[in-house]
Every structure is written in structure tokens, then in C-alpha cells.
Amino acid sequence: MLEHLSKARFIKEIADFTHGSEWIYRGINPAVIVFHDSVHLYEKGIRDVYDPLKKLFPQVNFYQVLIDRDPQIAQIYDIQTSPTTMFIPLTGKPLFIPGFLTPEEAKEKTEFLILRNIFTTIFDYQLETEKRNNKYNIYNKKDNPLSSIF
């Protein structure tokens with residue numbers, strides 16, 4: 001079963017929406033949050049979709065927010081459809097998908113979330129390497145006496 005996020009836990013582990021509107025994710029792993037009513041009709045369907053994904057993708061945190069119990073979270077993110085799924089990458093803004101996702105759609109979006117984090121990490125590393133090379137490029141010229149250090 002998906003872990004339940006209360007308002008306090010959401011603020012502590014996901015994002016503090018009480019101080020400003022800028023999105024800053026506090027987690028250390030990508031996350032998927034399903035916002036839905038506490039109607040039992042959705043419970044089994046959501047469990048059938050996301051419980052296998054929890055086992056398939058242990059590097060992703062899976063949560064649920066019951067919007068009738070914690071309506072402020074849904075209001076802040078303008079969630080008007082139940083269920084709505086929020087895919088949170090480590091960097092960048094989250095993706096909201098309203099409506100019920102099939103197991104295939106949820107798996108595809110979760111794989112995309114993981115790949116996005118991998119490519120972002122690679123790109124950030126390459127960008128940092130390029131910046132570092134440009135910074136020390138002046139020392140790498142042949143006529144510079146410090147070039148032998150590198």
C-alpha cells in the first residue's frame with residue numbers, strides 16, 4: 001500500500017508550500033504521489049497500479065494524499081480531479097496527470113521520471129566538467145609554465 005502523506009509530512013518530506021510559491025523538492029529520491037478521495041472505489045484500483053511499481057522501482061518513493069482529509073495540499077496545487085498523479089523529479093518542476101492511469105501508463109511515466117533524473121545527472125556532470133575546463137583552460141596553453149601541472 002502507498003504511504004499516506006499528511007499535510008505536516010508533506011511539508012517536511014516533499015515541499016514546504018507555506019513559505020512562498022517556488023517549488024523546492026526536499027526528497028532524496030524521485031517520488032510519485034497519488035491524490036485521491038478516501039472512497040474505497042479508488043483504493044483497490046490505485047493499489048493494483050502502484051503496488052507493483054513500488055517493487056519494480058525501489059529507487060522511487062510512492063505516496064498518497066487523501067484530498068478529502070488534507071484539502072489544503074490539493075488546493076495549493078490546484079488539483080480538481082480525483083485521482084491525480086504527481087511525478088516529482090529530483091530537479092525541476094513536478095508533472096501532474098489528472099485522471100486514473102492504467103498500469104502501463106503509470107509504469108511508462110515512472111520510467112520517464114527515472115530516465116529524466118539519470119540524464120539530468122549526466123548533463124549536470126558534463127556542464128560542471130565543461131565549466132571547470134573553461135576555468136582552467138588558461139593554464140593548459142603550451143606557452144604557459146603552469147601547463148605541466150595539468
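This passage describes the sheet and the nonpolar cores of a predicted model. Local features were taken at pLDDT of at least 70 and side-chain atom pairs at pLDDT 80 or more, whereas totals for chains, interfaces and linings use all residues. Residues are numbered from 1 along each chain as its sequence is written, and side-chain values use heavy atoms, without hydrogens and water.

Helices (H or I, at least four residues) and strands (E, at least two) are DSSP runs numbered from the N terminus. Five strands form an open sheet with mixed pairing in the order β1-β3-β2-β4-β5, where pairing requires at least two DSSP bridges between two strands. β1 (3–4) and β5 (95–98) are the edge strands, each paired on one side only. β2 runs antiparallel to β4, joined by 5 bridges, and is parallel to β3 over 6 bridges. Within the β2–β4 pair, Ala31 lies opposite Ile88 and Val32 is the bridge partner of Phe87; towards β3, Phe35 faces Val65.

Because 6 of the 6 residues of β2 are buried, this strand is largely enclosed by the rest of the structure (buried, under 20% relative accessible area; exposed, over 50%; partly exposed in between; 1.4 Å probe, protein chains only). Ala31, Ile33 and Phe35 are buried on one side, and Val32, Val34 and His36 on the other.

The largest nonpolar core (buried Ala, Val, Leu, Ile, Met, Phe, Trp, Tyr and Cys residues joined through side-chain atoms within 4.5 Å) has 20 residues, and Ile33, Phe35 and Ile88 are among those with the most contacts inside it. α1 (7–13), β2 (31–36), β3 (61–66), α3 (71–76) and β4 (84–88) each supply at least two core residues; β2 gives the most, with 3. A second, separate core of 16 residues includes Val32, Ile46, Leu53 and Phe57.
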